[in-house]
Amino acid sequence: MTIPPLLFALMLWFIGTAAVVWLDSRPQHTFRTSFTLVGWLALIATGAVWARADDASWGGAYLGFAAAIVIWGWHEMGFLMGFVAGPNRAPCPPGVVGWARFRAATATVIHHEVAIAATALLLFALTWGQPNQAAPLTFLLLFVLRLSAKFNLYLGVPNLSDEVFPAHLAYLKSYFRKRAFNALLPLSIGGSAALAGWAWTLAEAAPAQSGTATTATLLAGLAALGVVEHLFLVLPLRDAKLWHWASAKNQAAKAALRD
């Protein structure tokens with residue numbers, strides 16, 4: 001029973017990321033329509049989380065996990081398309097360091113982070129006291145992993161992998177640092193690995209094919225993917241190449257060459 005949830009987590013992570021990359025790489029005049037349509041999907045997913053909060057089966061766990069991925073993807077689109085970011089949309093001023101730099105960097109993303117935190121609270125409220133906690137736990141884990149990656153980029157990592165940022169968010173790159181090491185990075189990798197191990201232990205201890213076992217396995221797979229994404233910040237590999245095929249611009253370029 002452990003393999004299907006792991007494959008499901010990997011599949012949704014891959015498909016969800018590819019979909020966001022494709023939509024975000026399309027012409028900007030399509031952004032509002034895409035964001036609105038996926039917003040309706042996120043609303044339906046939120047309703048499904050509430051409707052199936054009492055479902056303790058493995059099916060309920062899969063649905064909750066998938067719903068959280070859809071809602072998370074909508075938030076990511078809002079950020080990458082420039083709809084929800086922060087009041088500061090300017091590059092980091094030269095020579096700014098310390099607390100002033102942190103405040104400026106925080107102001108570039110604070111609205112998005114608050115929106116994510118509010119959504120996490122909403123998902124927990126909708127499922128409070130119910131057995132199916134797959135959606136809120138998945139969303140919370142994504143939030144934690146994302147914050148960890150952001151703090152590491154801010155503090156400095158060997159591999160910035162900043163090719164994924166669209167042109168209208170280029171100013172964010174000025175808040176990143178390229179450094180051989182920062183003290184948070186090994187803690188982030190170790191913490192993600194520990195979360196994966198802990199969730200796996202919970203899955204093994206839960207009754208086979210139960211919602212609890214499935215939820216824990218899905219979270220273990222997601223935490224393991226978090227380890228991989230943090231390793232991309234260290235290893236001399238460009239994770240942007242992993243999603244190059246999904247870019248609408250790349251597909252258009254290939255079509256032009258064929259013509």
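Visitor: Which residues lie nearest the centre of the second largest pocket, and how many line it?

Guide: In this predicted model, Leu137, Trp198, Leu202, Thr215 and Leu219 lie nearest the centre, and the lining has 23 residues. The space in the second largest pocket is about 420 Å³.

Visitor: What makes a residue part of the lining?

Guide: A lining residue has an atom within 4 Å of a grid point of the pocket. For the second largest pocket, 23 residues make up the lining.

Visitor: Which helices each supply at least two residues of that lining?

Guide: They are H3 (58-80), H6 (134-155), H7 (184-205) and H8 (211-231). The largest share, six residues, comes from H8.

Visitor: What is the lining of the second largest pocket made of, by class?

Guide: It has 15 nonpolar, seven polar and one charged residues. Leu and Trp count as nonpolar, so Leu137, Trp198, Leu202 and Leu219, among the residues nearest the centre, belong to the nonpolar class. Thr is not in the nonpolar or charged list, so Thr215 counts as polar.

Visitor: How many helices and strands does the protein have?

Guide: There are nine helices and zero strands, and from the N terminus the elements run α-α-α-α-α-α-α-α-α. Of the 259 residues in the protein, 47% are buried.

Visitor: Why is Trp128 called exposed?

Guide: The cut-off for exposed is over 50% relative accessible area. Trp128 has 70%, and therefore counts as exposed. Trp128 lies in the loop between helix H5 (110-126) and H6. Its C-alpha is 9.9 Å from that of Asp54, although the two are 74 residues apart in sequence.

Visitor: Why is Phe14 called partly exposed?

Guide: Its relative accessible area is 30%, and partly exposed lies between the limits of 20% and 50%, so the label follows. Phe14 is placed in helix H1 (residues 3-24). Together with Met11 and Ile15, Phe14 makes a nonpolar surface patch of about 250 Å².

Visitor: What makes the contact of Arg52 and Asp55 a salt bridge?

Guide: A salt bridge needs a side-chain nitrogen of Lys or Arg within 4 Å of a carboxyl oxygen of Asp or Glu. Here the N to O distance is 2.4 Å, so the pair qualifies. The whole structure holds four salt bridges.

Visitor: Which of the labels buried, exposed and partly exposed fits Arg52, and why?

Guide: Arg52 is at 31%, between the two limits, and is therefore partly exposed. Its partner Asp55 is at 16%, under the 20% limit, so Asp55 counts as buried.

Visitor: What do the side chains of Glu76 and Arg146 form?

Guide: They meet in a salt bridge with an N to O distance of 2.7 Å. Glu76 lies in helix H3 and Arg146 in helix H6, so the pair ties together parts that are 70 residues apart in sequence. Both Glu76 and Arg146 are buried.

Visitor: How do you know that Glu113 and Lys150 form a salt bridge?

Guide: Their N to O distance is 2.2 Å, and the limit is 4 Å, so this pair meets the criterion. Glu113 lies in helix H5 and Lys150 in helix H6, so parts 37 residues apart in sequence are tied together by the pair. Glu113, at 9% relative accessibility, is under 20% and therefore buried.

Visitor: Which residues are linked in a network of salt bridges?

Guide: The network links Glu76, Glu113, Arg146 and Lys150.

Terms used. Residues numbered from 1 in each chain as written. Predicted model: local features only at pLDDT ≥ 70, side-chain atom pairs only at ≥ 80, totals over all residues. Heavy atoms only, no water. 1 Å grid on protein atoms, 1.4 Å probe; cavity = no way out; pocket = protein on both sides within 12 Å on 5 of 7 lines; lining within 4 Å. Points joined across faces, edges and corners; volume = space filled by probe spheres on them. Helix = DSSP H or I, 4+ residues; strand = E, 2+ residues; numbered from the N terminus. Patch = residues over 30% accessible without salt bridge, like charges linked within 9 Å, V, L, I, M, F, W, Y side chains within 5 Å. Areas by Shrake-Rupley, 256 points an atom, 1.4 Å probe, with all protein chains shown as cover. Buried < 20%, exposed > 50% of the residue type's maximum accessible area, 1.4 Å probe, protein only.
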